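Me: Please take a close look at the ligand site in this structure. Which residues surround the ligand, and where does the ligand lie relative to the domains?

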Amino acid sequence: MFETLKQQPADKILALVQKYRDDPSETKVDLGVGVYKDATGLTPVMRAVKKAEHQLWEVQDSKVYTGLAGDPAFADAMIDLVLGGAVPRDTIAAAATPGGTGAVRQAFELIQMARPDARVFVSDPTWPNHLSILAYLGIEMVPYRYFDEETRGVDFDGLMADLKAARKGDVVLLHGCCHNPTGANLNSAQWDEVIALLLETGATPMIDIAYQGFGEGLEEDAAATRKVAAAVPECIIAASCSKNFGIYRERTGLLMVVSADGGARALNQGTLAYLNRQNFSFPPDHGARLVTMILTDDALRADWQAELEEVRLSMLGLREQLAQELQKLAGSDRFSFLAQHRGMFSRLGTTPEMVEKLRVEHGIYMVGDSRMNIAGLNARTVPILANAIIDAGI
Ligand code: LMR
């Protein structure tokens with residue numbers, strides 16, 4: 001029966017991981033998939049995660065099922081981390097999911113159940129898997145302008161003009177912080193304008209927040225999400241713990257739905273549990289439990305925050321170093337945007353041909369749209385990258 005299957009397009013990011021693995025070169029530099037690497041190239045288990053795992057091993061006496069929406073303590077801890085009391089707790093429906101991607105997928109299914117003809121407005125560009133899942137589910141997507149190729153900042157006029165076309169029953173997908181793949185982010189005043197437009201059009205915001213703590217700081221990175229959630233009647237939020245807790249393979253995420261009122265919340269909560277049951281039944285628990293332990297224990301939380309801040313500052317340092325190196329080599333400020341961008345990624349803003357040239361001639365692996373994982377750099381590889389960029393004539 002399977003002869004009817006067609007080859008599906010490879011995920012651009014994951015295909016690059018494989019290419020990098022297959023390259024025998026010893027000087028290759030991996031700026032592909034979004035994982036943090038320390039100066040030695042390792043993606044470490046965070047200290048607080050290790051301690052929590054140890055404690056969990058001591059005390060956990062059962063691995064019986066949790067609830068369909070996961071352990072409520074995980075939802076409480078994450079709602080507090082992401083929303084920080086911006087919205088009354090009794091209006092938020094929430095369900096644990098397998099990673100942030102699971103939250104995104106469940107959110108799209110929820111949208112489709114509620115409004116089969118909803119359109120989802122997506123930034124151009126956005127994380128490729130947003131587009132892939134929407135296409136898979138057959139949900140109509142409408143791109144909105146986001147990136148200014150000239151300044152490598154946000155094309156805010158373009159964004160506002162395009163989002164005017166959204167209407168009630170549509171969804172506007174926004175990145176809460178650390179935009180993936182560009183690294184270019186809205187400032188606080190621009191978020192206010194987006195909120196005013198959302199209220200005017202009646203479109204529902206959906207916020208994907210996968211890098212809280214990687215941009216300006218743990219609280220600062222949640223500010224936009226909190227502001228949006230507090231201002232609009234309904235809002236969908238997909239949060240990931242993969243990056244900020246470094247638990248990529250544990251698949252830990254939470255889908256939150258800020259509901260119009262308590263009655264709507266109960267309906268939304270039931271629907272989220274139903275959707276989990278249809279797709280995978282109970283969500284993974286191990287990562288969620290570690291996150292809960294860390295967020296609710298003062299010592300673990302302090303240690304986690306300190307390490308997360310070290311990671312954030314090291315990424316900022318790498319940005320500064322790269323921008324300075326390029327300034328020296330190019331004799332101009334045309335790469336200064338790299339120090340302004342925030343989060344793991346920056347879009348260099350060059351052609352796929354140039355990206356290929358960097359790979360073939362310099363062993364530099366970045367996604368074809370010229371997205372670089374800054375967190376994949378270190379003090380040794382920054383000059384290699386800078387030289388390669390100038391050498392390639394970018
Ligand atoms: C990325 O964008 O590289 C990460 O979100 C990892 C992934 O699953 O694509």
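Reply: What follows covers the ligand shell, then its polar contacts, then the nonpolar core. The model is predicted.

Start with the shell. Ile 13, Val 33 and Gly 34 belong to it, as do Trp 127, Asn 180 and Tyr 211. Lys 243, Phe 345 and Arg 371 complete the set around the ligand. By class, the shell holds five nonpolar, two polar and two charged residues.

Now the placement. The ligand lies between domain 1 (10-45 + 301-391) and domain 2 (65-296), because both give residues to the shell.

Next, the polar contacts. Arg 371 places a polar side-chain atom 2.9 Å from a ligand oxygen. For Asn 180, a polar side-chain atom is 3.0 Å from an oxygen atom of the ligand. Lys 243 has a side-chain N or O atom 3.0 Å from a ligand oxygen. As for cover, the ligand on its own has 260 Å² of accessible area, and the protein covers 81% of that.

Last, the core. In soluble globular proteins, nonpolar side chains tend to be buried together. Here the largest nonpolar core has 76 residues. Met 78, Leu 159, Ile 237, Met 256 and Trp 304 have the most contacts inside it. Helix α3 (residues 72-83) supplies the largest share of this core, eight residues. The core also draws on both domains: at least three residues come from each of domain 1 (10-45 + 301-391) and domain 2 (65-296). Both domains thus contribute to the ligand shell and to this core.

Key: Residues are numbered from 1 along each chain as its sequence is written. This is a predicted model: local features need pLDDT of at least 70, side-chain atom pairs count only at pLDDT 80 or more; totals for chains, interfaces and linings use all residues. Side-chain values use heavy atoms; hydrogens and water are left out. A residue is near a molecule or strand if one of its heavy atoms lies within 4 Å of it. A polar contact is a pair of N or O atoms within 3.5 Å; within protein, one must be able to donate a hydrogen and the other to accept it, and residues adjacent in sequence count only if both atoms are side-chain atoms. Accessible areas come from the Shrake-Rupley method with a 1.4 Å probe; for residues, only the protein chains shown count as cover. Ala, Val, Leu, Ile, Met, Phe, Trp, Tyr, Cys and Pro count as nonpolar, Asp, Glu, Lys and Arg as charged, and the others, Gly among them, as polar. Domain bounds come from an automatic or database domain assignment. A nonpolar core is a set of buried Ala, Val, Leu, Ile, Met, Phe, Trp, Tyr and Cys residues joined through side-chain atoms within 4.5 Å. Buried means under 20% relative accessible area, exposed over 50%, partly exposed in between (1.4 Å probe, protein chains only). Helices (H or I, at least four residues) and strands (E, at least two) are DSSP runs, numbered from the N terminus.
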